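Hi,

Here is the structure we talked about. Have a look at it first, and then read on for what turned up.

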Amino acid sequence: MKKVIGILVALVVLGAIAVFVFSLFAGKIIRKGVVTLGPEVAQVEIELDKAHVSFLSGAGGLEGLKVGNPEGFSGEYAFYAEHLSMKLQPMSILSDKIIIEEILIIGPDIQFEQKLGANNLNQILANVQEFMGPAGEEAEAAKGKKLEIRRFVLQDAKVGVGLGTKPISITIPTIELTDLGTGEEGITAGEVIGVMITEVTGQILAAIAKNPEVILESGGELLKNIGESGSNALKSISSLF
């Protein structure tokens with residue numbers, strides 16, 4: 001009897017160790033993907049302090065995610081989130097397609113810079129499209145793991161809008177996207193970035209158009225560029241698929 005109990009205890013201990021190791025391993029996989037593939041796709045610096053995920057529940061998060069600005073823009077970053085929570089199917093990390101049940105970002109800091117007919121977010125989007133190549137041509141790095149994101153929510157974003165002067169704060173409504181990459185082929189990291197940037201940029205431009213203070217502060221130059229930037233944002237999503 002003691003021998004049986006000893007075996008059961010040993011199995012429990014080994015199981016607990018396996019869960020801990022897998023959770024640590026999964027976090028490292030996610031972090032490596034963000035800080036290595038991300039900059040290659042977006043052509044900007046991307047920093048991430050930590051990534052973690054529970055093997056048992058699939059709940060996890062990213063801590064200290066910072067997306068840098070493209071060349072030619074003065075701000076320290078385009079996007080910063082102190083915390084990003086997510087829930088995924090843990091075993092899918094070991095498959096060719098990672099299934100993410102939900103991504104929730106609350107209160108991120110987004111810095112929108114408009115200059116000479118272009119803005120920093122659309123420039124990042126252009127970088128992503130350049131990386132992905134013409135329609136039907138798949139970049140080598142995109143042949144790795146695909147993604148399925150069933151729900152993405154960004155809410156209470158703090159948006160700063162500026163043209164080299166002190167940014168003006170605006171608000172944008174909650175953004176919710178569902179069923180990204182639910183098909184058999186899934187969706188690439190580049191496509192995910194493209195869809196999210198397009199949606200965020202569209203909401204920012206719509207908020208700017210309704211906010212006369214932003215237009216007056218920018219001396220009219222921002223208003224002149226909204227048409228072109230908005231058109232580019234709307235066109236960009238169609239070129240991703």
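Below are my notes, taken one region at a time.

Before anything else: this is a predicted model, and every value here is computed from it.

**Helix H2**

Let me begin with H2, which covers residues 120–132. This helix has 13 residues and spans 19 Å from its first C-alpha to its last, close to the 18 Å expected at 1.5 Å a residue. At the N-terminal end, Asn-119 acts as the cap, with a side-chain oxygen 3.1 Å from the backbone nitrogen of Leu-121. After the other end of H2 comes Gly-133, whose phi is positive, near 80°.

Which residues of H2 are buried? They are Asn-120, Leu-121, Asn-122, Ile-124, Leu-125, Asn-127, Val-128, Phe-131 and Met-132. If you want to follow them around the helix on screen, remember that an α-helix has 3.6 residues a turn, so residues three or four places apart point the same way.

**Asn-127 and what surrounds it**

One residue of H2 deserves its own paragraph, and that is Asn-127. Its relative accessibility is 7%, so Asn-127 counts as buried. What does Asn-127 touch, leaving aside residues up to four places away in sequence? The answer is Val-41, Ala-42, Gln-43, Val-44 and Pro-70. With Ala-42 there is also a polar contact: the backbone oxygen of Ala-42 lies 3.1 Å from a polar atom of the Asn-127 side chain.

Glu-40 sits in helix H1, which runs over residues 2–42. Glu-40 and Asn-127 are 87 residues apart along the chain, and their C-alpha atoms are separated by 9.3 Å. Unlike the buried Asn-127, Glu-40 is partly exposed, with a relative accessible area of 43%.

**The aromatic pair**

The structure holds 1 aromatic pair. It is made by Tyr-77 and Tyr-80: the ring centres are 6.0 Å apart and the planes meet at 50°, so the pair is tilted. The angle is what decides this, because planes under 30 degrees apart would count as stacked and those over 60 as edge-to-face. Tyr-77 is buried at 15% relative accessibility, whereas Tyr-80 is partly exposed with a relative accessible area of 27%.

**Salt bridges**

How many salt bridges are there? The count comes to 6, and here are some of them.

Glu-76 pairs with Lys-66, and their closest N and O atoms are 2.9 Å apart. The two are 10 residues apart: Lys-66 belongs to strand S2 (59–67), while Glu-76 is in the loop between S2 and strand S3 (79–88). The partners differ in their surroundings, as Glu-76 is exposed with a relative accessible area of 61% and Lys-66 is buried at 17%.

Arg-151 turns up in two of the bridges, so I'll take its partners in turn.

- With Glu-102, the N to O distance is 2.1 Å. Glu-102 lies in strand S4 (residues 97–106) and Arg-151 in strand S7, so this bridge ties together parts that are 49 residues apart in sequence.
- With Glu-176, the N to O distance is 2.9 Å. Glu-176 lies in strand S10, so here the tie from Arg-151 in S7 is between parts 25 residues apart in sequence.

Are these three side chains buried, exposed or partly exposed? Each is partly exposed: Glu-102 at 28% relative accessibility, Arg-151 with a relative accessible area of 30%, and Glu-176 with 45%.

There is also a network, in which salt bridges that share partners join Lys-97, Glu-101, Glu-148 and Arg-150.

**Two backbone angles to look at**

Finally, a couple of residues other than glycine have positive phi values. Asp-156 has a phi of about 55°, and it lies in the loop between strand S7 (146–155) and strand S8 (158–162). Asp-179 has a phi near 60°, and this residue is in strand S10, which covers residues 175–180.

That's the tour. Shout if you'd like to go through any part of it together.

Cheers

Technical notes: Residues numbered from 1 in each chain as written. Predicted model: local features only at pLDDT ≥ 70, side-chain atom pairs only at ≥ 80, totals over all residues. Heavy atoms only, no water. Helix = DSSP H or I, 4+ residues; strand = E, 2+ residues; numbered from the N terminus. Expected span 1.5 Å × (residues − 1). Buried < 20%, exposed > 50% of the residue type's maximum accessible area, 1.4 Å probe, protein only. Polar contact = N/O pair within 3.5 Å; in protein donor to acceptor, adjacent residues only side chain to side chain. Phe/Tyr/Trp six-rings, centres within 6.5 Å; stacked < 30°, edge-to-face > 60°. Contact = heavy atoms within 4.5 Å. Salt bridge = Lys/Arg side-chain N within 4 Å of Asp/Glu carboxyl O.
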